[in-house]
Amino acid sequence: MQALQRRAPNLLLILLGPILLAVDWAAMESQDLYEREKEPSYWDAQARATLNAALKLRPREHRAKNIILFLGDGMGVSTVSAARILQGQLDGRSGEETILAMDTFPYVALSKTYSVDKQVADSASTATAYHCGVKANAKTVGLSANAVAYECNTTFGNEVYSVLRRAKAQGKSVGIVTTTRVQHASPAAAYAHSVSRSWYSDADLPSSARQQGCVDIATQLVTNVDIDVILGGGRMYMTPKGTPDPEYLTSNSRKGDRKDQRNLIDVWLKAKPKKKSHYVWHRKEFDEINVKTTDRLMGLFEPKDMRFEVFRNETRDPSIVEMTEKAIQILSKNPKGYFLFLSRGRIDHGHHDGIAKLALTEAVMFDRAVQRAAQLTRESDTLTVVTADHSHVFTFGGNTPRGNPIFGLAPKKADDRMPFTSILYANGPGYVHINGTRGNITLVDYYDEEYMQQAAVPLDAETHGGEDVAIYAKGPMAHLFHGVKEQNYVAHVMAYAACLEPYTDCPPHPHAHTSSGRMNTPLSLTFGLLGLLWLFR
């Protein structure tokens with residue numbers, strides 16, 4: 001026993017040695033970078049290399065075979081910047097100089113996110129804009145602004161149709177991947193038409209709406225358009241009322257919710273009998289799916305939304321990166337191409353909770369999914385767009401020094417002689433005053449996964465922000481994303497690039513050598529390599 005105890009520290013060193021070396025190396029590398037940044041020649045050379053790459057940038061003016069739309073729900077510019085720093089600090093570096101996958105996209109624009117009726121929009125009206133190409137009213141999905149929220153009889157005749165639906169009509173495969181319930185507003189606008197984003201199942205419809213002919217979002221998911229890949233949460237809205245959840249067998253709150261007693265999973269499975277379709281709800285089943293022999297895949301991994309990445313059970317639920325990979329592998333078998341929508345909806349939920357660590361960890365994983373998609377696709381035939389639906393009242397500041405932990409304290413105390421974190425919210429549940437003053441945050445662990453940052457105004461849930469959000473693009477016709485644009489412009493560029501309705505005067509098909517993937521190095525990769533070169537030289 002004593003011999004084992006003597007060997008234990010040695011074993012620990014063996015196991016931890018590579019990790020400690022990596023941390024030390026990163027620390028030395030950061031210090032070396034800091035020293036080089038003092039010299040004007042460092043910045044001059046870096047900018048010159050970036051300029052040379054920009055001078056070589058040429059638009060791809062041919063038709064896109066595939067379209068991938070990444071939606072970071074609530075991923076405003078401040079969230080992207082903070083996530084960039086977090087990713088770098090997770091790698092053991094200062095963080096600010098980190099290059100995200102989306103940072104390498106050569107074309108960037110700003111999107112104006114207001115809706116027809118709101119200065120600060122919700123996820124439903126914005127989803128209608130970027131999916132269907134028209135601005136709409138809050139709370140509604142897949143409907144023009146002639147529809148009135150919650151008034152069922154304003155649905156009919158006001159339907160607008162998504163790029164996903166138009167792509168399917170032209171023979172492309174289509175898919176939805178989300179970390180929310182698949183009936184959530186962001187994906188719902190791709191296939192549903194509803195005056196209420198909250199009518200997830202028929203149990204959520206008022207009796208008057210049912211009598212007037214309105215249909216719940218879950219039913220529309222499996223009846224409006226044949227979606228080849230559906231991955232996310234939302235099991236309970238698909239099964240008859242009282243059906244035990246396969247993962248939470250004893251939970252009454254997670255049982256099936258449908259009053260009509262329909263099993264919509266079975267409806268989807270039987271819709272295309274000539275195709276090989278699979279339904280999975282567990283990571284093990286998901287991993288066993290053979291993408292070569294699978295035509296259609298539905299995976300619903302939680303009764304409602306999927307878990308935050310911080311709390312994800314890796315043995316039961318796949319990550320957004322793994323779902324992205326599986327979706328692309330299945331959809332890309334179609335010689336006519338595909339449309340894929342991927343939403344990291346829980347960025348938004350973390351911000352609403354006023355918990356920055358949840359939101360930013362989601363954003364980091366979102367970017368890793370963007371990176372994985374880039375590895376599985378070719379820039380020569382795939383238009384990839386990364387954007388957000390809206391921002392949040394999230395900010396970080398406080399005159400923090402370089403390399404300050406993104407979840408750490410500002411260097412000086414406030415005028416009330418109390419410390420504060422760099423990250424703060426303008427409103428939300430983090431407003432806590434005791435005897436007329438802010439709480440002393442040094443008495444709690446502000447690095448904890450569920451630490452709620454302080455807020456200036458008390459609200460049960462933090463709100464969206466109204467400023468513009470970024471659009472990042474690469475691939476065929478990506479150069480059309482430039483300047484400041486209305487959010488509904490996103491759908492029009494995607495439709496034009498792939499020659500989908502209403503566009504008929506379309507970009508030409510690529511030359512044979514272009515679509516083979518053997519042409520010049522993609523410019524987004526060039527920018528990324530240049531950044532890495534200067535980061536690590």
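Trainee: What makes Arg-402 and Glu-97 a salt bridge?

Mentor: Their closest N and O atoms are 3.0 Å apart. A salt bridge is a side-chain nitrogen of Lys or Arg within 4 Å of a carboxyl oxygen of Asp or Glu, so this pair qualifies. Arg-402 sits in the loop between strand S10 (394-396) and strand S11 (423-428), and Glu-97 in the loop between helix H3 (77-90) and strand S2 (107-112), so the bridge ties together parts that are 305 residues apart in sequence. Helices (H or I, at least four residues) and strands (E, at least two) are DSSP runs, numbered from the N terminus.

Trainee: What should I keep in mind about the model itself?

Mentor: It is a predicted model, where local features need pLDDT of at least 70 and side-chain atom pairs count only at pLDDT 80 or more, while totals for chains, interfaces and linings use all residues. Residues are numbered from 1 along each chain as its sequence is written, and side-chain values use heavy atoms, with hydrogens and water left out.

Trainee: Why is Glu-97 called buried?

Mentor: Buried means under 20% relative accessible area, exposed over 50%, and partly exposed in between (1.4 Å probe, protein chains only). Glu-97 has 17% relative accessibility, so it counts as buried. Its partner Arg-402, at 42%, counts as partly exposed. Both residues also belong to a network of salt bridges with Glu-37 and Glu-96.

Trainee: How do you know that Arg-316 and Glu-247 form a salt bridge?

Mentor: Their side chains meet at 2.7 Å, N to O, which is within the limit for the term. Arg-316 lies in the loop between strand S6 (296-300) and H11, and Glu-247 in the loop between S4 and H9, so the pair joins parts that are 69 residues apart in sequence. Arg-316 is partly exposed at 23% relative accessibility, whereas Glu-247 is buried at 14%.

Trainee: And what about Arg-258 and Asp-202: buried or exposed?

Mentor: Both are buried. Their side chains meet in a salt bridge too, at 3.8 Å, N to O. By this rule the count comes to 30 salt bridges.

Trainee: Why is Ala-470 called buried?

Mentor: Its relative accessible area is 10%, so the term applies. Ala-470 is in strand S16 (residues 469-474). Ala-470 and Gly-76 are 7.3 Å apart in space, C-alpha to C-alpha, and 394 residues apart in sequence.

Trainee: What makes H11 mostly covered?

Mentor: Nine of its twelve residues are buried, among them Ile-320, Met-323 and Leu-331.
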